[in-house]
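Student: Please take a close look at the aromatic rings in this model. I should then like the account to extend to the ligand and to the loops, in one connected answer.

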Amino acid sequence: MKLVITGNPGAGKHTSAKIVAEKLDAEIIDINNVAIDGDSIAKKTSHGLEVDVKKLARLLARMTKPRKHQIVVGHLAPYVIKPEGISMVAVLRRSPYELVKTLEKRGYNAEKRRENLASEILGVSLYDSVKTFGKRKVIEFDTTGRAPDQTAGEILRALRKRPKPAGIDWLTLVSERGDMQRFFEY
Ligand SMILES: Nc1ncnc2c1ncn2[C@@H]1O[C@H](COP(=O)(O)OP(=O)(O)OP(=O)(O)O)[C@@H](O)[C@H]1O
Ligand SMILES: [Mg+2]
């Protein structure tokens, strides 16, 4: 079984992946660590690290072990993981109203927060995951107001039986609350 856990930074990927991995006795492949250890990082920019995706994709492809449970974790998954052999792609979503608190706690600056919040509101991770892995494999999980072990439980259940699409839509929520300016304007 090969599971991908992706989603915006701060959505809860690593925390829930650890719990899922323990339950399944699976190996975690952390894309960020592979990028750093494998020297795939091209250069540091004002936006953070700019990764050589081709090089990273090659490194990750080499880590695939047949007949082994593996969980690949990272927001870069749709750009560096090949869809072949992947059983399911969990896209973790979190309401921008909660995500903003996590990003503040992490000390992200205003520009980085805005970028990440806009990406979550617009569902970039979901869109790019569907593009890479196909609609059938991609499942959204709303981590808003849930504990990490709850999210892990939902992922484990989904591996056994695919749930109905969650249809998460922050854009409507934000617009109905009149908060478009708060999230999208300088
Ligand atoms: N339902 C949930 N599932 C997972 N983590 C959660 C959940 N609710 C809250 N959290 C908390 O959210 C915070 C961010 O989680 P985590 O570091 O796992 O995010 P991430 O998606 O791996 O981020 P990054 O992409 O930057 O590595 C943690 O403090 C975690 O405990
Ligand atoms: Mg993480």
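Tutor: Phe183 has a relative accessibility of 2% and therefore counts as buried, where buried means under 20% relative accessible area, exposed means over 50% and partly exposed covers the range in between, with a 1.4 Å probe and protein chains only. This is a predicted model, in which local features need pLDDT of at least 70 and side-chain atom pairs count only at pLDDT 80 or more, whereas totals for chains, interfaces and linings use all residues. Residues are numbered from 1 along each chain as its sequence is written, chains are lettered from A and ligands numbered from 1 in the order in which they are written, and side-chain values use heavy atoms, with hydrogens and water left out.

The partner of Phe183 is Tyr97: the two ring centres are 5.4 Å apart and the planes meet at 80°, so the pair is edge-to-face. The rule takes rings of Phe, Tyr and Trp (its six-membered ring) with centres within 6.5 Å; planes under 30 degrees apart are stacked, over 60 edge-to-face, and the rest tilted. One aromatic pair is counted by this rule. The contact joins distant parts of the chain, since Tyr97 belongs to helix α5 (residues 96-105) and Phe183 to helix α10 (residues 180-184), 86 residues apart. Helices (H or I, at least four residues) and strands (E, at least two) are DSSP runs numbered from the N terminus. Tyr97 is also buried, because its relative accessibility is 13%.

Tyr97 has a further neighbour in Arg177, which lies over the face of the ring at 4.3 Å from the ring centre. For such an arrangement, NZ of Lys or CZ of Arg must be within 6 Å of the ring centre and within 35 degrees of the ring normal. Another case is Tyr108, where the charged end of Lys112 is placed over the ring, 4.1 Å from its centre.

We turn next to the ligand. Ligand 1 is surrounded by 16 residues, of which Lys13, His14, Thr15, Arg106 and Thr151 come nearest; a residue is near a molecule or strand if one of its heavy atoms lies within 4 Å of it. This shell divides into four nonpolar, eight polar and four charged residues. Here Ala, Val, Leu, Ile, Met, Phe, Trp, Tyr, Cys and Pro count as nonpolar, Asp, Glu, Lys and Arg as charged, and the others, Gly among them, as polar. Helices α1 (13-24) and α8 (148-160) each contribute at least two shell residues, and α1 gives the most, with four.

Polar contacts with ligand 1 (pairs of N or O atoms within 3.5 Å; within protein, one must be able to donate a hydrogen and the other to accept it, and residues adjacent in sequence count only if both atoms are side-chain atoms) involve both backbone and side chains. A polar side-chain atom of Arg106 is 2.6 Å from an oxygen atom of the ligand. For Gly10 a polar backbone atom lies 2.9 Å from a ligand oxygen, and for Arg94 an N or O atom of the side chain lies 3.2 Å from one. Ligand 1 taken alone exposes 640 Å², and the protein buries 76% of that; these areas come from the Shrake-Rupley method with a 1.4 Å probe, and for residues only the protein chains shown count as cover.

Helix α8 also holds Glu154, which is partly exposed because its relative accessibility is 23%. Its C-alpha lies 10.0 Å from that of Thr143, eleven residues away in sequence. In the loop between β7 (138-142) and α8 is Arg146, partly exposed at 34% relative accessibility.

Other loops complete the picture. Asp25, in the loop between α1 and β2 (27-30), is not a glycine yet has a positive phi near 55°, and its 66% relative accessibility makes it exposed. Arg67, in the loop between α3 (53-62) and β5 (70-73), likewise has a positive phi, near 60°, and is exposed at 82%. Gly123 sits between α6 (110-122) and α7 (124-133) in a loop and is buried, with 9% relative accessibility. Its C-alpha is 8.9 Å from that of Asn8, although 115 residues separate them along the chain.
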